[in-house]
Amino acid sequence: MQDEIALFNELSKLLLDLEKTQPVAKPIASSQLQNTLDLSLNENGISNEELKEILKTVVKRTPKTASKSFFNQLYGGRVNKATLGDLLAVMLNSSMYTYKVAGLHVGIEKEVISEICKLVGYTSNGAGTIAPGGSMSNMMALIMARDTKNRDIADEGQTLKMTLYTSEASHYSVSKNAALIGIGRNQVRLVKTNKGGEMSSEHLRELIEEDIEKGYIPFLVNATSGTTVLGAFDDLEAINTICKSFNLWLHVDGAYCGGVIFSTKYKHLVKGLEHTDSFSINAHKMLGTPLSCSIIVTQNKTQLHHSFSNDADYLYQTDTDDFNLGKTSLQCGRRNDALKFWTLWKFTGTKGLEKIVDKQFSLAKLARDYITKHKDYELYSFDDSISVCFKYKNISARDLCTALYENAELMVGYGNFNNQEFVRMVTINSQLEEEDIFAFFTSIESFVAQNMLKISVS
Ligand SMILES: *Cc1c(COP(=O)(O)O)cnc(C)c1O
């Protein structure tokens, strides 16, 4: 293994250098992939030297998500201590289902979950688990809500027409999960949003009342803390009042911006969170841990158990259910996603995580200020969001983002809201500094100046 560790160090050094010298990897057109790299798997193996050369090319040609030119997704950058924890997790290769196999890592995961429960405001009855991503965390919430409303469904299958509610601006996983868990996409009601992209509670109430009238059984509202495009926060207090009056499970999808629970300054954005039923947060987004690290917590420990435990004598042979984490998981064998987040949290403290979160908001504010001060730009997003949406010189956002990518200038994406398409720059990389934000705008401006003729104005 020593040779592989040495090679790993060499490849890591190459990557760190490239992130500085070529922050956007030259893209490979998908049609050219086979001609550009030899990805083939063959009858016979290759030598160490050949493998090293191939892996170097892989490192070189991989899109650079940790560089200062990556604003494309709801994650980015690299928080070193979290990466360290994840590298160790790969070496230790624990599986999180039983205490016998995972040992103290069970304690690490339980500590992370219990501290999240405290920050959310869930009482001693709070519990949770780590799912393979925010989509799966949302699925777990849907399942718990479904089983709470319909005790028989897990054994008997679906017999009732059950409806759920989520805003038009919410993540697509809600509909997908409704399809997967037997609720059906047609039973997903999309609630209108206001101008700021937040769920309209008036419309929510109307939809629920209409469904009850028609004989449907409403069971869940999915609220979003940080919508995927605008980064908007639904009003949890207003939604919660409605949920309580109709006896509905309220899940808060905080995959993107649930990290605000760490921030004294921004936790008002999730006011009322302690009265909700479940909450999910992706530590691989705002909290900078490597993919994936999605935590779901609930106010209702019994329900978590009821929905996810299944006896298996060949697996659960020692210790109590509280320490056999497989009893509350979607999975059987499960990667250790807790260690990386715990390593970071242990090192930097809750205060350090607060700084990571606050930094993203201050970078976003800097970007918004730049946009509003420069007349060639138009702003489409709002305060208290780390998604900064804009158009430059009325250029088609789609064409601009594609041209920037194809020319290896910047990685940034576009989004839509209210029939407007705009560039969506995400300031989620807490390692960035003010000058990196200015450099982002400068590269757009000089790129457009040089390539104006090739880019269309919409
Ligand atoms: C990213 C995101 C998800 C999905 O999380 P994955 O980890 O990508 O599965 C769900 N909801 C929201 C609001 C998100 O931003």
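Lys340 is buried in this predicted model, because its relative accessibility is 0%, under the 20% cut-off. Lys340 forms a salt bridge with Asp337, and the closest N and O atoms are 3.3 Å apart. Asp337 is also buried, with a relative accessible area of 7%. Side chains of opposite charge can pair when their charged atoms come close. Elsewhere, Glu10, Lys52, Glu53 and Lys56 are joined into one network by salt bridges that share partners.

The count of salt bridges comes to 22. One of them is formed by Lys68 and Asp436, whose closest N and O atoms are 3.6 Å apart. Lys68 lies in the loop between helix 3 (48-61) and strand 1 (70-71), and Asp436 lies in helix 15 (residues 434-451), so the pair ties together parts that are 368 residues apart in sequence. The two partners differ in exposure: Lys68 is partly exposed at 46% relative accessibility, whereas Asp436 is buried at 10%.

A further salt bridge is formed by Lys301 and Asp322, with 3.5 Å between the closest N and O atoms. This pair links distant parts of the chain, 21 residues apart, with Lys301 in helix 12 (residues 301-308) and Asp322 in the loop between helix 12 and helix 13. Lys301 is partly exposed, with a relative accessible area of 35%, and Asp322 is partly exposed at 39%.

The next topic is the nonpolar interior. In soluble globular proteins, nonpolar side chains tend to be buried together. Here the largest nonpolar core has 86 residues, and those with the most contacts inside it are Ile116, Ile295, Phe341, Met425 and Phe441. Helix 13 (residues 338-373) gives the most to this core, with 15 residues. Apart from this core lies another, of 22 residues, including Met162, Leu164, Ile183 and Phe308. Leaving aside residues up to four places away in sequence, Phe441 touches Ala367, Tyr370, Ile371, Tyr377, Phe390 and Met425.

Strands 5 and 6 can be followed together. They run parallel and are joined by five bridges. Leu220 stands opposite Trp249 in strand 6. Six of the six residues of strand 6 (residues 249-254) are buried, so this strand is largely enclosed by the rest of the structure. In a regular strand the side chains alternate between the two faces of the sheet. In strand 6, Trp249, His251 and Asp253 point one way, while Leu250, Val252 and Gly254 point the other way, and all are buried.

Thr224 lies in strand 5 (residues 217-224). Thr224 counts as buried because its relative accessible area is 3%, and buried means under 20%. Not counting residues up to four places away in sequence, Thr224 touches Ser170, Ala232, Phe233, Asp234 and Asp253. Among these contacts, Asp253 is one of the residues of strand 6 that point the same way as Trp249 and His251.

On the surface, nonpolar side chains also appear. Met1, Ile5, Leu88, Met91 and Leu92 form a nonpolar patch there, with about 480 Å² of accessible area together. Helix 4 (residues 80-92) supplies the largest share of this patch, three residues. Met91 is found in helix 4.

Notes: Residues numbered from 1 in each chain as written. Predicted model: local features only at pLDDT ≥ 70, side-chain atom pairs only at ≥ 80, totals over all residues. Heavy atoms only, no water. Core = buried A, V, L, I, M, F, W, Y, C linked by side-chain atoms within 4.5 Å. Buried < 20%, exposed > 50% of the residue type's maximum accessible area, 1.4 Å probe, protein only. Helix = DSSP H or I, 4+ residues; strand = E, 2+ residues; numbered from the N terminus. Contact = heavy atoms within 4.5 Å. Patch = residues over 30% accessible without salt bridge, like charges linked within 9 Å, V, L, I, M, F, W, Y side chains within 5 Å. Areas by Shrake-Rupley, 256 points an atom, 1.4 Å probe, with all protein chains shown as cover. Salt bridge = Lys/Arg side-chain N within 4 Å of Asp/Glu carboxyl O. Pairing = 2+ DSSP bridges.
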